[in-house]
Amino acid sequence: MAEPIPSETPEHRCGYVAIVGRPNVGKSTLLNHLLGQKLSITSRKPQTTRHTLLGIKTEGHYQLIFVDTPGIHTNQEKAINRVMNRSAMSAMTDVDAVVFVVDRLEWSSADEYVARQVKNCGAPVIVAVNKVDLIEDKSELLPHLQFVTEQVGACEVVPLSALRQTNLDLLEAQLVALLPLNRHFFPEDQITDRTERFLAAELVREKITRQLGAELPYQITVEIESFSRDERIIHIDALILVEREGQKKIIIGEKGERIKKIGQQARQDMELMFDQKVMLKTWVKVRSGWSDDERALRSLGYID
């Protein structure tokens, strides 16, 4: 945890908020819209988020430090799945509040599994029922809100749409009320604890995820081998790691068109994020079994 920054205002509030839920319920989209800018990568594919990520929002007297987490899932066949689950579970320790995100009226065994972890976390829980704009019969919403609240012993429940930014101000106000009186832990202009190298790697991985769709090989990660900047340009070398030769061919695409498009889209987002021109080079390498090897996962930054 960061050390508090001295402040002469004792009324300042500051604390950590974990955002948890099963894969693909909209946790990262929720974080991005709460922050008012893109920080966490998103796609329609489950398990897009693989790392915990701090998103810091400072408004006047309060500072909310959100912890975006990988989706908690029951499938733990590979080391990477187990690591992501441990990461998400540990994010719920020593936080001041938990936002448990669920998808509309859905309630699966995966949601139930997450609910059990949330119920025992010891922090106040707010249930965020996301994507309510897609519910056709709104009369079904109230009974579902009551049901989910009971499952986790929540102190509040907020129906919202992260994408449409509906009721996000209500969620934020309820979270602020749960923050302890505390001096701010981070400077007011800091939005994350992650490095630019990490954010660059995530942007490349996001474009791969979006480009491949149903073809997506989950055994893909991105490692930034070089990151340097001069007065005008940031130079980035990104290595895309896969586990099999066939996956390498999929990412490269016919005559290299797919990897070219991935690089173009990632570079555009990097220039927006870093506010500077970017020169991005990408290439693909096969490293068999990396996703089921804890030593490899540690070297790739999946294990702190």
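**Entry 1: the three-stranded sheet**

I began with the open sheet of three strands, which lie in the order β7-β8-β9 with mixed pairing. I note at once that I am reading a predicted model. I then asked which strands stand at the edges. They are β7 (221-229) and β9 (277-286), and each has a single partner strand, so one side of each is left without a neighbour in the sheet. From one strand to the next, I find that the twist averages 20°.

Next I looked at what packs on this sheet, and I found helix α6 (residues 196-212) touching β7, β8 and β9, with its direction at about 135° to that of β7. I then turned to the pairing of β7 with β8 (residues 233-242), where the two strands run antiparallel and are joined by eight bridges. As a marker for this pairing in my own viewing, I wrote down that T221 stands opposite L241 in β8. Helix α7 (residues 245-252) also belongs in this entry, since I see it lying across β8 and β9 and running at about 150° to β9.

**Entry 2: helices α3 and α4**

For packed helices, I keep in mind that the pair is described by the angle between the axes and the distance between the axes. I took helix α3 (residues 109-119) together with helix α4 (residues 141-152), and their axes come within 8 Å and cross at roughly 50°. That angle falls outside the ranges for roughly parallel (under 35 degrees), roughly perpendicular (65 to 115) and roughly antiparallel (over 145), and α3 and α4 are therefore oblique to each other. On the α3 side I listed A115, V118 and K119 as making the contact, and on the α4 side E150, Q151 and V152. Sorted by class, this contact has three nonpolar, one polar and two charged residues.

**Entry 3: helices α1 and α5**

How do the axes of α1 (residues 27-35) and α5 (residues 168-178) cross, and within what distance do they come? I find that they come within 11 Å and cross at roughly 85°, and α1 and α5 are therefore roughly perpendicular to each other. The contact is made by L30, H33 and L34 of α1 with L168, L171 and E172 of α5. By class, I count it as the record of this contact gives it, with four nonpolar, one polar and one charged residues.

**Entry 4: two aspartates with positive phi**

I then checked the backbone of D94, whose phi is near 60°, a positive value in a residue other than glycine. D94 is placed in the loop between α2 (79-90) and β4 (97-103). I also asked whether D94 is buried or exposed. With a relative accessible area of 66%, D94 is exposed.

I looked up D275 as well, where phi is near 55°, again a positive value in a residue other than glycine. D275 lies in the loop between α8 (257-274) and β9, and with a relative accessible area of 70% D275 is exposed.

**Entry 5: the whole protein**

To close, I wrote down the overall figures, beginning with the nine helices and nine strands of the protein. Of its 304 residues, 50% are buried. Among the contacts with a separation of 6 or more, 71% come from residues 24 or more positions apart. The accessible surface comes to about 14700 Å², and carbon and sulfur atoms hold 46% of that surface.

Methods. Residues are numbered from 1 along each chain as its sequence is written. This is a predicted model: local features need pLDDT of at least 70, side-chain atom pairs count only at pLDDT 80 or more; totals for chains, interfaces and linings use all residues. Side-chain values use heavy atoms; hydrogens and water are left out. Two strands pair if DSSP finds at least two bridges between them. Helices (H or I, at least four residues) and strands (E, at least two) are DSSP runs, numbered from the N terminus. Axes are lines fitted to C-alpha atoms, for helices over the stretch in contact, and angles run from 0 to 180 degrees between N-to-C directions. Contact means heavy atoms within 4.5 Å. Ala, Val, Leu, Ile, Met, Phe, Trp, Tyr, Cys and Pro count as nonpolar, Asp, Glu, Lys and Arg as charged, and the others, Gly among them, as polar. Buried means under 20% relative accessible area, exposed over 50%, partly exposed in between (1.4 Å probe, protein chains only). Accessible areas come from the Shrake-Rupley method with a 1.4 Å probe; for residues, only the protein chains shown count as cover.
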